[in-house]
Amino acid sequence: QVQLVESGGGLVQTGGSLRLSCAASGRAFSTYVIDVMAWFRQAPGKEREFVAAIRWRDIRTYYADSVKGRFAISRDNVKSTVYLQMNSLKPEDTAVYYCAGKPAYGSNYIAGNYNDWGQGTQVTVSS
């Protein structure tokens, strides 16, 4: 069983920054349990969308076009924690942000391929 717990959301003005954290516990990190950790987000009335992902074994990263150059995903292997540094935030970044984990197989961009999810943390960017 894997537990993912997000933190770090909040209210920020346009142009501001936030850092989200996702702590993983349980039998998390092996190729067949969690090889990729990602952040998705879901705004009211919209589908959940991919934001960024990191492959745990080689730290390869993946980003949605909408956040490239503004957001950075990273991980701390000792703390079993993944981070999302969000800079130059825009009102359209407002959403509930979810941490998720998946095995090595399957597209990293599709929410349905992720087996483990956190409870979500709200990010609100005011204009």
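**Disulfide and core of the predicted model**

The torsion about the S-S bond of C22 and C99 is about -75°, so the disulfide (a pair of cysteine sulfur atoms within 2.5 Å) is left-handed. The bond links distant parts of the chain, with C22 in strand β3 (residues 18-26) and C99 in strand β9 (residues 95-102), 77 residues apart; strands are DSSP runs of E, at least two residues long, numbered from the N terminus. The S to S distance is 2.0 Å, and a search of the whole structure finds 1 disulfide. C22 is buried (under 20% relative accessible area, 1.4 Å probe, protein chains only), at 0%; C99 is likewise buried, at 0%.

The model is predicted: local features need pLDDT of at least 70, side-chain atom pairs count only at pLDDT 80 or more, and totals for chains, interfaces and linings use all residues. Residues are numbered from 1 along each chain as its sequence is written, and side-chain values use heavy atoms, with hydrogens and water left out.

The largest nonpolar core (buried Ala, Val, Leu, Ile, Met, Phe, Trp, Tyr and Cys residues joined through side-chain atoms within 4.5 Å) has 38 residues, and V82 is among those with the most contacts inside it. Beyond four places in sequence, V82 is in contact (heavy atoms within 4.5 Å) with residues including C22, C99, M37 and W39.

D116, in strand β10 (residues 116-117), is buried at 17% relative accessibility and touches C99, V2 and I34, among others. V5 lies in strand β1 (residues 2-7) and is partly exposed (from 20% to 50%) at 48%. Contacts of V5 beyond four places in sequence are S21, C22, A23 and Q119.

Terms used:
Helices (H or I, at least four residues) and strands (E, at least two) are DSSP runs, numbered from the N terminus.
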